[in-house]
Amino acid sequence: MSGLHIDKISMRFDLPNGSSVQALKDVSLDLKAGELLSVLGPSGCGKTTLLNIVAGFLAPTEGQITLNGHKVVGPAAERGMVFQQGALFEWMSVRENVGFGPSMKGMPKAEKAEIVDHLLDVVGLQDFKEKAVYELSGGMQQRVALARCLANDPDVILMDEPLGALDALTREKMQGLVLKLWKETGKTIILITHSVEEALLLGERLLVMAPRPGRIHKEYRLPFAEMGVGQDLREVKKHPDFGTTREEILSMIWDMEEEIMGRTENA
Ligand SMILES: Nc1ncnc2c1ncn2[C@@H]1O[C@H](COP(=O)(O)OP(=O)(O)O)[C@@H](O)[C@H]1O
Ligand SMILES: [Mg+2]
């Protein structure tokens, strides 16, 4: 059984004061190898919790996850994570950051150097190989983070708002890079984002999650990611269906947030 199967996952956090938070309830999802999924939803709807469970950082209170037929029981190199900015090893050079996974695996030096060189080419950082992390711009740091993740050759790449801290122009370039990596590597990718436009561009499938308890509210299948491979993303955004879907999802999330605010005010 290939692919990622998320089977009726629920997650409850028990708090020290005796109360509890139902962060996820009955979330099920099947992803085929090579699918690109984006996940949207108001703050607190369980997006990060879901990703952490798939990564194996958290064990769900109910349900299970299988990848290519075996049960996920903890973190492993087959499931790579790209965090929002700031998760690189500051004391290592770009080259050492990207080579970290292969080093840990004990890969021979020459083979590691070849992989690192190749990946730095792919993300456009060959000239920055010996630089320290702090010498790089935010966008470049995220390029390193992507390359470091790819160096482990994961089956699934998990990204939690990886472009959230970048300025608009850099972000647009990085969205193009994510699409290119997706097409060239054939990896399964799950990307969480706050931006509706980004979710439309970077999701063949798009999940809208709802809060309290965190669950899947609606799923879309979209043509824009495929259209954006090798095409200017600004052109993709001009597609009439892009605008219509964006408006539909924006009002969906707006309504959820209104409801959350209402509940908070009445609490
Ligand atoms: N370790 C934790 N302990 C207690 N509550 C948590 C913990 N992690 C997340 N939560 C709660 O679970 C809910 C979902 O959180 P999270 O997955 O971070 O949402 P999102 O990423 O969609 O903003 C929130 O109500 C949050 O406060
Ligand atoms: Mg989050």
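Here is a walk through an open sheet, the helices that pack on it, and one lysine, K183. Keep in mind that this is a predicted model.

Let's start with the sheet. It is open and built from 6 strands, in the order β6-β7-β8-β3-β9-β10, with mixed pairing. At the edges sit β6 (79–82) and β10 (215–221), each of which pairs on one side only. On average, and ignoring direction, neighbouring strands here are turned by 20 degrees against each other.

Now zoom in on the β10 end. Strand β9 (residues 205–210) runs antiparallel to β10, and 6 bridges join the two. If you want a landmark in β10, look for Y220, which stands opposite L206.

Next, the helices. Helix α5 (residues 138–150) packs on the sheet, where it touches β6 and β7. The direction of α5 makes about 170 degrees with that of β6. Helix α1 (residues 47–55) lies across β3 (36–40), β6, β7 (156–160), β8 (188–192) and β9. Relative to β7, α1 runs at about 150 degrees.

That leaves helix α6 (residues 168–185), which is where you'll find K183. Is this lysine, K183, buried, exposed or partly exposed? Its relative accessibility is 40%, and because buried means under 20% and exposed over 50%, K183 counts as partly exposed. Setting aside residues up to four places away in sequence, K183 touches E226 and V229. With E226 there is also a polar contact, 3.2 Å long, between the two side chains. G230 is another residue to check from here: K183 and G230 are 47 residues apart in sequence, yet their C-alpha atoms are 9.9 Å apart in space.

Conventions
Residues numbered from 1 in each chain as written. Chains lettered and ligands numbered in written order. Predicted model: local features only at pLDDT ≥ 70, side-chain atom pairs only at ≥ 80, totals over all residues. Heavy atoms only, no water. Helix = DSSP H or I, 4+ residues; strand = E, 2+ residues; numbered from the N terminus. Buried < 20%, exposed > 50% of the residue type's maximum accessible area, 1.4 Å probe, protein only. Contact = heavy atoms within 4.5 Å. Polar contact = N/O pair within 3.5 Å; in protein donor to acceptor, adjacent residues only side chain to side chain. Pairing = 2+ DSSP bridges. Axes fitted to C-alpha atoms, helices over the stretch in contact; angles between N-to-C directions.
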